[in-house]
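The following paragraphs lead the reader through one structure, moving from individual side chains to domains, the ligand and the backbone. Please keep the sequence and the model in view while reading.

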Amino acid sequence: MGKKIRIGMAGCGVVGGGVIELLSRNAGLIERRLGTVPEVTRIAVRHPDRVRTLSEAARNATFTTDPLALVDDPEVDLVVEVMGGLEPAGSLLRRALEAGKPVVTANKALLAEQGTALLDLAEQRHTDLYFEAAVAGGIPIIRVLREGLSADRVLRLRGIVNGTSNYILSRMSREGMSFEEALTAAQAAGFAEADPTLDVGGGDAAHKLAILASLAFGVHVDLSRIPTVGITDISAGDHDIAQGFGYVIKHLARAATTESGELELSVEPMLVAKESGLANIHGAMNAIEVESLGLGSSLLAGPGAGSLPTAMSVVSDVIDVSRNLQAGAQGRVPPRAYPTDAMEGASIARRDDAWARAYLRFEVEDRPGVLGFLATRLGEESVSIERMVQRRGAGDPEHRASVVMLTHRANLGAVTRALRTVSERKDLVFSAKALRIESSDSP
Ligand SMILES: NC(=O)c1ccc[n+]([C@@H]2O[C@H](COP(=O)([O-])OP(=O)(O)OC[C@H]3O[C@@H](n4cnc5c(N)ncnc54)[C@H](OP(=O)(O)O)[C@@H]3O)[C@@H](O)[C@H]2O)c1
């Protein structure tokens, strides 16, 4: 029999309900693994009078409307924060960590805003702060980066870490929907918020990339330095053309080391080969592919949200933290994989210095000389074309056409400059866009 563990849980909604259900349904195996089944003894909610069906693991729980009271309660050994929002969640975490009470949280928004300060505090107080559920929901990527790969050097990671964007892109590419139709479908299916900006604009993925890159590379990542492009500019036509070339368009969060030791970071829609692992992650699923020196390429995929998948991550964290409490070994694993004094400032590569193949799409006046004009301008920037198609969309006027080019490996700064000069000829070129083609080779 292991030491009894009593949980004070802030929030009892989608994730909190899942935590109680999982602790109850898996009680037998958790007891075999931990020597005890953690019990939820206190629950903080906003509406304590709401009728809730609580299973075994919370049968004796009492309710409060004051989350901060969980910290001072002698009947609480660890705090699980699954209420969301910045406040009072931020105050709750600070108070718990100050008091040396370990915390498990699923709160991605709070970590994005205050993660650095909270992780510093946890380390200073030798208190555990676990947050597996805050990145890619049910996928255990934090534990993999923090512990599973602790002997390895990560070279590159690429992830589909926003289920909403992936759901939209999947419906567009598989069913030919427009962005607007796919967004409406995502909202109807409960996969997108009424205001989807943070998801489709890439902000949410950038938050997660900052956490993942920090763990993978042992560096402080300034969110504002992650070039972030959303998916709103991707059309059904882009998907169709990309597929014709053997690619799928995915919204990827990407971090990779360069030969000169800099770190390339970005969130943007990219083309990935049809047969690659990431191309085959559909709907609201998440996936993260890690390329590391010893292991090579590995891919973790699974639900990035939902009651039981997210609760699975929370309860696994609870078990880890409970083991540390039982062993009197809180703070054993640095919350960021590296102790703070071993963290470095990230030397982030300028986006314009990156090299990659690119997909270029121009909407042009369909008349002689236009192709030559495009090729000349690209050639002036040393961007060389590997493949090209010209086509007219179903509803396009007679005199308009789409010209799509795949380039050889090119400097992305040069590609941007070429597109800028091309776009100056407004009589010939109505729009120009470039997407990175992500290679499946080593970084
Ligand atoms: N849902 C997912 O799939 C998912 C996936 C990954 C991460 N997360 C994260 O998990 C957290 C919880 O999400 P959720 O979907 O479970 O939210 P939810 O269903 O809205 O539940 C929120 C819970 O917190 C309680 N609450 C909210 N504000 C409170 C306050 N000021 N004081 C006391 N209680 C308060 C609510 O009480 P009442 O019940 O009385 O209203 C409710 O029980 C968020 O940080 C979210 O980002 C969720």
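The side chains of Arg-254 and Glu-438 are joined by a polar contact of 2.7 Å. This distance, like every value that follows, is computed from a predicted model. Arg-254 belongs to strand E9, which spans residues 247–257. Its relative accessible area is 6%, and Arg-254 is therefore classed as buried, since the cut-off for that class is under 20%. Residues up to four places away in sequence aside, Arg-254 touches Arg-156, Leu-157, Arg-158, Leu-209, Glu-264, Leu-265, Ser-266, Met-270, Arg-436 and Glu-438. Glu-438 thus appears both among these neighbours and as the partner in the polar contact.

A second charged side chain deserves similar attention. Asp-238 is part of helix H11, residues 236–244, and counts as buried because its relative accessibility is 0%. Two polar contacts engage the side chain of Asp-238: one with the side chain of Tyr-359, at 2.7 Å, and one with the side chain of Lys-433, at 2.3 Å. When neighbours within four places in sequence are left aside, the residues in contact with Asp-238 are Asp-233, Ile-249, Tyr-359, Arg-361 and Lys-433.

The domain assignment places these contacts in a wider frame. Domain 1 consists of two segments, 6–138 and 307–342, while domain 2 covers 142–303 and domain 3 covers 351–437. The C-alpha centres of domains 2 and 3 are 25 Å apart. To the contact between them, domain 2 contributes 18 residues and domain 3 contributes 14 residues.

Attention now turns to the ligand. Which residues come nearest to the ligand? Of the 23 residues around it, these are Cys-12, Val-14, Val-15, His-47 and Gly-306. The shell comprises twelve nonpolar, seven polar and four charged residues. Backbone atoms also approach oxygen atoms of the ligand: a backbone N or O atom of His-47 lies 2.6 Å from one, and a backbone N or O atom of Val-15 lies 2.8 Å from one. For Gly-13, the corresponding distance from a backbone N or O atom to a ligand oxygen is 3.3 Å. On its own, the ligand has 900 Å² of accessible area, of which the protein covers 79%.

Leu-119 offers a view of another part of the chain. This residue sits in helix H5, residues 108–124, and is buried because its relative accessibility is 8%. Beyond the neighbours within four places in sequence, Leu-119 is in contact with Leu-129, Phe-131, Pro-335 and Arg-336. Leu-119 and Glu-31 are 88 residues apart along the chain, and their C-alpha atoms are separated by 30 Å.

Three points of backbone geometry complete the account. The peptide bond from Glu-87 to Pro-88 is cis, with omega near 5°; Pro-88 is placed in the loop between strand E4 (78–81) and helix H4 (89–98). Ala-136, a residue other than glycine, has a positive phi near 60°. It is found in the loop between strand E6 (129–130) and helix H6 (141–148), and Ala-136 is buried, with a relative accessible area of 1%. Ala-337 also has a positive phi, near 80°, and lies in the loop between helix H12 (307–327) and strand E13 (344–345). Is Ala-337 buried or partly exposed? Ala-337 counts as partly exposed because its relative accessibility is 22%.

Terms used: Residues numbered from 1 in each chain as written. Predicted model: local features only at pLDDT ≥ 70, side-chain atom pairs only at ≥ 80, totals over all residues. Heavy atoms only, no water. Helix = DSSP H or I, 4+ residues; strand = E, 2+ residues; numbered from the N terminus. Buried < 20%, exposed > 50% of the residue type's maximum accessible area, 1.4 Å probe, protein only. Contact = heavy atoms within 4.5 Å. Near = heavy atom within 4 Å. Polar contact = N/O pair within 3.5 Å; in protein donor to acceptor, adjacent residues only side chain to side chain. Areas by Shrake-Rupley, 256 points an atom, 1.4 Å probe, with all protein chains shown as cover. Nonpolar A, V, L, I, M, F, W, Y, C, P; charged D, E, K, R; others polar. Domains from an automatic or database assignment.
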